[in-house]
Amino acid sequence: MASGSTLKMSTEIAQKIRQHGAETYPHECCGALLGRDGVGADGTAIAGGVQLPTREIAALFPLVNRRDDSPRNRFSVTAEDVREAEKAAGQKGLDVVGWYHSHPDHPARPSQYDREHAWPWYSYVIVSVANGKPAEMTSWRLSDDRAAYACEEIVVRDHAAR
Amino acid sequence: MGVKVIIPTPLRPYAGKRDSTEVKAGTVGEALGRLTTEFGDLRKHLFTDEGKLRSFVNVYVNDEDIRYLAKENTPTKDGDTISIVPSIAGGCD
C-alpha cells in the first residue's frame, strides 16, 4: 500500500547504493541516508499524525555490516555507528533521514524481521541484488502503530538534492 | 532542574516535535516512565508489549550505556542527561 510519501535522490546516489550492494554481495550492505525533509506536504499522515513532506537524500554514509555471524541475511548498525552517521550529517547541515540495505538474492521487499526492528519516521531503502547484480530498489516507512510498512515512491533524477 | 532526556530524531514526531525534555526521576526506568506518560505515543516504539525496552533502543546516562550500569535501575540525579540512541537492524528473511 503506498503511503503517498516521496523520496528523492540523484542518479549518482541511487547508483552508489546499488554499487554498495553489488560490492558486498553475497552479504548485505548497509548505510545511512543523509538528507532533509522538504517544505510542502504531499504525503499521507503516518508519522505521529503529521503530514509527510517530500524527503531528499543529499549524501550517503556507507557503513560496515556488524552482523559477522549471519551477513547474508542480516545487517546491523550499532548505536555508535548511528552516532557517527548523525555527526557526519550534522557537519553537512543534514539529518539522518533513513537507512539502506541490500537483500542478496531476495526481492526488495521488507521482511517480517525488517518490520519488527524498524523505527518510525526513517525511510528504509532496500536494493535487491540478484547473482551479484543490483536490481529493484524500493523504500519503506513504518506505520505509526508498527503494524505495517508503507511503500514510498522513489524519484531518481539528476541533481535531485539541489 | 531535572534529568534531561534527549529524544532521537525518528521519535520526535511522537513527542511534540521536541528534541529533548526534562523529567524528575531517580532512575532511568522512572525517567522513561515519566517520558512515556507525558508522550503516550512513544511507548510502543520504546517498549515491547511485555513492557521491556526494545532490543534496538539504546539508553545512555551521561554517555554510559545503561547495559553496563544497572540497566533501568541505573540511578539518575538532577543535571544528568539520558540519551536514547537507535541501533538499526534488518535482513532479507
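These legends accompany a set of close-up views of a predicted model with chains A and B.

**View 1. Chain B at a glance.**
Let's start with the whole of chain B, which holds two helices and six strands. Following the sequence from its start, the elements come in the pattern β-β-α-α-β-β-β-β. The C-alpha atoms occupy a box of roughly 45 × 30 × 25 Å along the principal axes. How does the radius of gyration of chain B fit with that of a compact globule? For 93 residues a compact globule would come near 12 Å, and chain B has 13 Å, so the two agree. Of the 93 residues in chain B, 32% count as buried. Among its contacts between residues at least 6 apart in sequence, 51% link residues at least 24 apart.

**View 2. The open sheet of chain B.**
Here five strands of chain B make an open sheet with mixed pairing, and their order is 2-1-5-3-4. Strand 2 (20-23) and strand 4 (64-65) of chain B are the edge strands, each pairing on one side only. At one end of that order, strand 1 (residues 3-6) and strand 2 of chain B pair in the antiparallel sense through four bridges. A handy place to see this pairing is B:V3, which stands opposite B:V23 in strand 2 of chain B. Helix 1 (residues 28-38) of chain B packs on the sheet, where it touches strand 1, strand 2, strand 3 and strand 5 of chain B. The direction of helix 1 of chain B makes about 115 degrees with that of strand 2 of chain B.

**View 3. A close look at B:L32.**
This view picks out B:L32, a residue of helix 1 of chain B. Is B:L32 buried or exposed? B:L32 is buried, because 23 other C-beta atoms lie within 10 Å, where the cut-off for a buried residue is 20 or more. B:R43 is 11 residues away from B:L32 in sequence, and their C-alpha atoms are 9.0 Å apart in space.

**View 4. Where the two chains meet.**
Now for the contact between the chains: 18 residues of chain B are in contact with 29 residues of chain A. On the chain B side, helix 2 (43-46), strand 5 and strand 6 (88-90) each supply at least two residues. Which element of chain B gives the largest share of this side? That is strand 6 of chain B, with three residues. By residue type, the side of chain B that touches chain A divides into nine nonpolar, six polar and three charged.

**View 5. Strand and helix across the chain boundary.**
Strand pairing also joins the two chains: strand 4 (residues 75-77) of chain A runs antiparallel to strand 6 of chain B, with three bridges between them. Within this pairing, A:S76 has B:A89 as its bridge partner. Helix 2 (residues 79-91) of chain A lies across strand 3 (57-61) and strand 5 (81-86) of chain B. The angle between helix 2 of chain A and strand 5 of chain B is about 95 degrees.

**View 6. Two nonpolar cores.**
The largest nonpolar core has 41 residues, and A:A32, A:L33, A:L34 and A:W99 have the most contacts inside it. Beyond its neighbours within four places in sequence, A:A32 is in contact with A:F61, A:L63, A:A85, A:V96 and A:W99. A second, separate core has 19 residues, including B:A15, B:L35, B:L42 and B:V57. In soluble globular proteins, nonpolar side chains tend to be buried together.

**View 7. Two hairpins in chain A.**
Chain A has three helices and eight strands, in the sequence pattern β-α-β-β-β-α-β-α-β-β-β. Of its 162 residues, 48% count as buried. Strand 6 (residues 123-130) and strand 7 (residues 133-142) of chain A run antiparallel and are joined by six bridges, with A:V129 partnered by A:P134 in strand 7. Two residues lie between the strands of this hairpin, and A:N131 takes a positive phi near 50 degrees. Strand 7 of chain A also pairs in the antiparallel sense with strand 8 (residues 149-156) of chain A, over four bridges. There, A:R141 stands opposite A:A150 in strand 8 of chain A. The hairpin of strand 7 and strand 8 of chain A has six residues between the strands, and A:R146 takes a positive phi near 65 degrees.

Conventions
Residues numbered from 1 in each chain as written. Chains lettered and ligands numbered in written order. Predicted model: local features only at pLDDT ≥ 70, side-chain atom pairs only at ≥ 80, totals over all residues. Pairing = 2+ DSSP bridges. Contact = placed C-beta atoms within 7 Å. Axes fitted to C-alpha atoms, helices over the stretch in contact; angles between N-to-C directions. Nonpolar A, V, L, I, M, F, W, Y, C, P; charged D, E, K, R; others polar. Rg over C-alpha atoms; globule rule 2.2 N^0.38 Å. Buried ≥ 20, exposed ≤ 12 C-beta atoms within 10 Å, placed from the backbone. Core = buried A, V, L, I, M, F, W, Y, C linked by C-beta atoms within 7 Å.
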